[in-house]
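Let's walk through this one strand by strand, then step back to the domains. Here is the structure to have open alongside.

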Amino acid sequence: MRGELFDRMVSLVFPKGCVLCGATVAYDDLVCSRCTPDRREEHTCLFCGNPINRCLCETRWDFDGAAAPLHYRAETRGAVLQLKKLPDRRIARYLAEEMYRCLRREFPDVAFDWITEVPMHPEKLQKRGFNQGELLAAQLALLSGVFHRMRLLTCSGPLEYQHTLSRNERFAAVRDRYALAGSVRGKTILLVDDVLTTGATAQACAACLKEGGAAKVYVLTAAATPLSHILP
Ligand SMILES: [Zn+2]
Ligand SMILES: [Zn+2]
């Protein structure tokens, strides 16, 4: 209550902007009335775009499902990039709310034990100071009531920038760089990240969790790269 009153007072002095366009909004609003989130079509495969029950992907993934509420373009891309620069709680909250709606819609019958985030390479973490995936996982845990098993996965090996690599190179580069920091046997886990592009990172993390005995692994990201970018 005190926090809310404080927020209200702060917003009178420092008006808050829409997280997508910056326009002034009411104290507890995240997005203005002119901005509509650029949402992906429901129940469609992130990789081929077909309805989930008619997915044509030939890749065999170690995760049991993957979903993202938003397209990674325009304002969403701006919001995600902003969250990489600053640990902005309002942007994290906005993206997590979209993710939570997507979670309930796409995986309504899954009983998750834990939410965890895709880890950030320690060198990168030291430079940036925070992992935006961890912020999203924390907000999503608040919304869903599922326990945030923080830093369950670790990342090591040489730091490579994936965006300079081809699709196959990305899969090879990340294959063995993840490890477990605790037991996952029998657990159903929701793996969270900001953006899904090729799926290489999600695949490597899911393989690691499954090798450790996780029962099921689902992937949820805030946004997914438009399909044309990931098809060969
Ligand atoms: Zn706006
Ligand atoms: Zn597919």
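## β3 against β7

Start with a facing pair: isoleucine 115 sits opposite leucine 190 in β7. That pair belongs to a parallel match between strand β3 (residues 114-117) and β7, held over four bridges. Keep in mind that you're looking at a predicted model.

## β7 and its other neighbour

On to strand β8 (residues 216-224): β7 pairs with β8 too, again in the parallel sense, over eight bridges. If you want a spot to click on, leucine 196 stands opposite alanine 224 in β8.

How do you get from β7 to β8? Helix α7 (residues 200-211) joins them in a β-α-β unit, and that unit is right-handed.

So how enclosed is β7? Strand β7 covers residues 188-196, and eight of its nine residues are buried, so the rest of the structure largely encloses β7. Buried here means that 20 or more other C-beta atoms lie within 10 Å of the residue's own.

## The two domains

Zooming out, the domain assignment splits the protein chain into domain 1 (1-36) and domain 2 (37-229). Their C-alpha centres are 28 Å apart. Where domain 1 and domain 2 meet, seven residues from domain 1 and seven residues from domain 2 take part in the contact.

What is the side of domain 1 that touches domain 2 made of, by residue class? Six of its residues are nonpolar and one is polar, with no charged ones.

Note on methods: Residues are numbered from 1 along each chain as its sequence is written. Chains are lettered from A and ligands numbered from 1 in the order in which they are written. This is a predicted model: local features need pLDDT of at least 70, side-chain atom pairs count only at pLDDT 80 or more; totals for chains, interfaces and linings use all residues. A residue is buried if 20 or more other C-beta atoms lie within 10 Å of its own, exposed if 12 or fewer, and partly exposed in between; C-beta atoms are placed from the backbone. Helices (H or I, at least four residues) and strands (E, at least two) are DSSP runs, numbered from the N terminus. Two strands pair if DSSP finds at least two bridges between them. A crossover is right-handed if, with the strands pointing away from the viewer, the path from the first strand over the helix to the second runs clockwise. Domain bounds come from an automatic or database domain assignment. Two residues are in contact if their C-beta atoms, placed from the backbone, lie within 7 Å. Ala, Val, Leu, Ile, Met, Phe, Trp, Tyr, Cys and Pro count as nonpolar, Asp, Glu, Lys and Arg as charged, and the others, Gly among them, as polar.
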